[in-house]
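Work through the exercises below with the sequence and the model open. Try each task before you read its solution.

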Amino acid sequence: MAGEVKYAEAIRQALADELSSDPRVVVMGQEIEALGGVFTATQGLAERFEGRVLDTPLAESATVGWAIGAAMAGLRPVVEIMFMDFITTAMDQIVNGAAKLRYMSGGQVAVPIVIRTPSDAGTGHGPQHSQHLETWFAHVPGLVVAMPSTVADAYWMLRHSIQDDNPVVFVESKYLYFRESGEIGASTAADHPYAARIARRGRSVTVVTAGRMVAESLAAAESLAAEGVDCEVVDLRFIWPYDRETLAESVERTNRLIVVHEAVGDFGWGGEICSWAASELFYSLDAPIRRVAAPRAPIPFASHLESAVVPDRSAIESAVRDLARH
Amino acid sequence: MTPTSRLELYETMVRIRELETSVESLHYSGRMHGSFHSSMGQEAAAAGVTGCLRPADLVTSTHRGHGHAIAKGMSPTTIVAELLGLQPGSSGGKGGSMHLHDIACGFLGENAIVAGGVPWAAGAAWASRRLGKDLVAVSFVGDGGAAQGVLAETLRMARTFGTPLLVACENNHLAHSMPSERTFGEPGSIAAWAAGFGMRAEYVAGDDVFAVHRLATEMIDEVRASGRAAFVEIEVWRVRAHSLNDPDYRYLPKDLGKSYLQTHDPIANAERDLPLTDAEAATIRERIAGEIAEAIDAALEGQAAPARLATTGVYSEAFEQEGRRRGW
């Protein structure tokens, strides 16, 4: 597809192309059929693909369970959970069903489902519509956790996830839906589908991040460049599996590591990266590893309060400056 | 379709009873460890409902599902091997007693999360219809499961989407120690609740396998023809404790299970109604006991899976190969 599109359009295009190319694909969720999705991700698809883009009742648990059954019977269902916070109402089916069925059945069944769900603060949706919960799913054996940050990845990672034989929790950025533009271009998978992407080459510090925080980190990197600090920004793309090879290669060059995520820092996935790096890359590190993440609070509604908890470029900049002094 | 004969229904019940009794012995003799939930006393529900299904039809089950697995055609050797954690088992010991699966015979699986398997059955039946397969699904739940939100959600979705599903609710009077009378009221109340979803919902006493089978056949035929869901509450009794080491004397009169069997045993009732003479019944029971004993011997010959397999089969083979190469 030529020309620039928005992130939300890339998601829609990926769904349309999968619906076209694979008759096993069905899309299920709330307000996705008649309305076209609260973030327009399915707009026009119900008309184009009759009977394959389906509004469900407000019943996330049964919807995910239904998709699991449909997957066991040979379909490739994509479920939209309207806001990531709502995924809590479907946790049992995701954690005890989708994630464990292959294992519990001795490989007799696969559960190729994708659960698409938007997260992020920054849109004024308040405490129950904004939380980043990807760490929970990265912790569960059997799940893949995707978190695209660009238009091209929104498209290609979604297409890949729908064809993945494992259940994928696909965390979209609602902050970027209508802000991020770009070209879909050619496939973004490097030498393997779960490879991280070096979003910016640099020599001083490795900033590893994902989702919306990639853009914040890149912006911080530009300001810091003027100060002579040359950041390398690694976009993980997948929280699980995370690409240790690319991370190791980067840290071996920069000798400094910062992890940035919008999720709460305590027990967040950044802790996992730090622990792995401290253990495996210890002799490459010239400075302590740092984390930039949200404090232990829900995402507040009011913009000025929200800015107080969501990491931004200035928080990233000061962490990098601090680290670069070592 | 070959209708299951009355004698076959009886034999299925005997097979289930024999398996559950033998598994108990394996446990007491120390050859099986871990959790075990006996379906003794509930055989008419498993045999009666499953007995009107075709081989391609689908079944999901509960944590108390050995009987459903047997009735759907899963091999007793595979079941017992899984219970013993040995390799000929359905997952070589990864799942165990509450996670039997046999996709080849349409047994989508047990599920130890109460009522968690209902949407699987609904979705699988719905998807199969879309793929052009003329099949139905049965999802077994208990009265405990009837209190779970996901059952209500699934019945709501079944009404919205239409799916050839029969929910077979085995009301065994007890959600572990909570009496269903306290949660729902008298037997039949769960069916009355389900009727509120706009589907046919019936109650049947589960000590008469022929009555269960008659009603289930009629309902399955309707479900198959209409593609719409239905619900049947089958009143049974949990003869054994919730699980093997459950101190049920703390919440039940002593020997209640045993005295229930004296008056309501579905197997004895079937012998009376078929009818079978004592000698005929003894011959059948002996033959089936021999089959189960052979199956257990075969299972006991199984090998323990190598420990390295414990961390495999979590993801697809291709994914795990990539992970091994790249150090995930």
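The exercises cover pockets, cavities, one loop residue and salt bridges.

This is a predicted model: local features need pLDDT of at least 70, side-chain atom pairs count only at pLDDT 80 or more, and totals for chains, interfaces and linings use all residues. Residues are numbered from 1 along each chain as its sequence is written, chains are lettered from A and ligands numbered from 1 in the order in which they are written, and side-chain values use heavy atoms, without hydrogens and water.

**Exercise 1.** Describe the lining of the largest pocket and find which domains of chain A it lies between.

Solution.
- Step 1: fix the terms. On a 1 Å grid over the protein atoms alone, a pocket is an open set of points with protein on both sides within 12 Å along at least five of seven lines; a cavity is a set where a 1.4 Å probe fits but cannot get out; lining residues have an atom within 4 Å of a point.
- Step 2: take the volume. The largest pocket holds about 560 Å³ of space, where a volume is the space filled by probe spheres set on the points, and grid points are joined across faces, edges and corners.
- Step 3: list the lining. It has 22 residues, and A:Ala138, A:His139, A:Pro141, A:Trp240 and B:Tyr315 lie nearest the centre.
- Step 4: assign elements. Helix 13 of chain B gives the most, with 4 residues. Helices (H or I, at least four residues) and strands (E, at least two) are DSSP runs, numbered from the N terminus.
- Step 5: place the pocket. Domain 1 (4–183) and domain 2 (197–324) of chain A both give residues to the lining, so the largest pocket lies between them. The domain bounds come from an automatic or database domain assignment.

**Exercise 2.** Locate the largest cavity by its lining.

Solution.
- Step 1: count. The structure holds 3 cavities of 30 Å³ or more.
- Step 2: size the largest. Its volume is about 70 Å³.
- Step 3: read the lining. Among its residues are A:Ser130, A:His132, A:Glu262 and A:Ile299. Strand 13 (residues 257–264) of chain A gives the most, with 3 residues.
- Step 4: check the domains. Domain 1 (4–183) and domain 2 (197–324) of chain A each give at least three residues to this lining.

**Exercise 3.** Is B:Asn172 buried or exposed?

Solution.
- Step 1: place the residue. B:Asn172 sits in the loop between strand 4 (165–171) and strand 5 (174–175) of chain B.
- Step 2: apply the cut-offs. Buried means under 20% relative accessible area, exposed over 50%, partly exposed in between (1.4 Å probe, protein chains only). At 6%, B:Asn172 is buried.
- Step 3: find the contacts (heavy atoms within 4.5 Å). Leaving aside neighbours within four places in sequence, B:Asn172 touches B:Gln42, B:Arg64, B:Asp143, B:Val236, B:Trp237 and B:Arg238.

**Exercise 4.** Set out two salt bridges of chain A, A:Arg253 with A:Glu249 and A:Asp266 with A:Arg296.

Solution.
- Step 1: state the rule. A side-chain nitrogen of Lys or Arg must lie within 4 Å of a carboxyl oxygen of Asp or Glu. The count is 39 over all chains.
- Step 2: take the helix pair. A:Arg253 and A:Glu249 meet at 2.9 Å, N to O. They are 4 residues apart in helix 9 (residues 244–254) of chain A, so about one helical turn separates them.
- Step 3: take the loop pair. A:Asp266 and A:Arg296 meet at 3.1 Å, N to O. A:Asp266 lies in the loop between strand 13 and helix 10 of chain A, and A:Arg296 in the loop between strand 14 (290–294) and helix 11 (303–309), so the pair ties together parts 30 residues apart in sequence.
- Step 4: compare exposure. A:Asp266 is partly exposed at 42%, while A:Arg296 is exposed at 64%.
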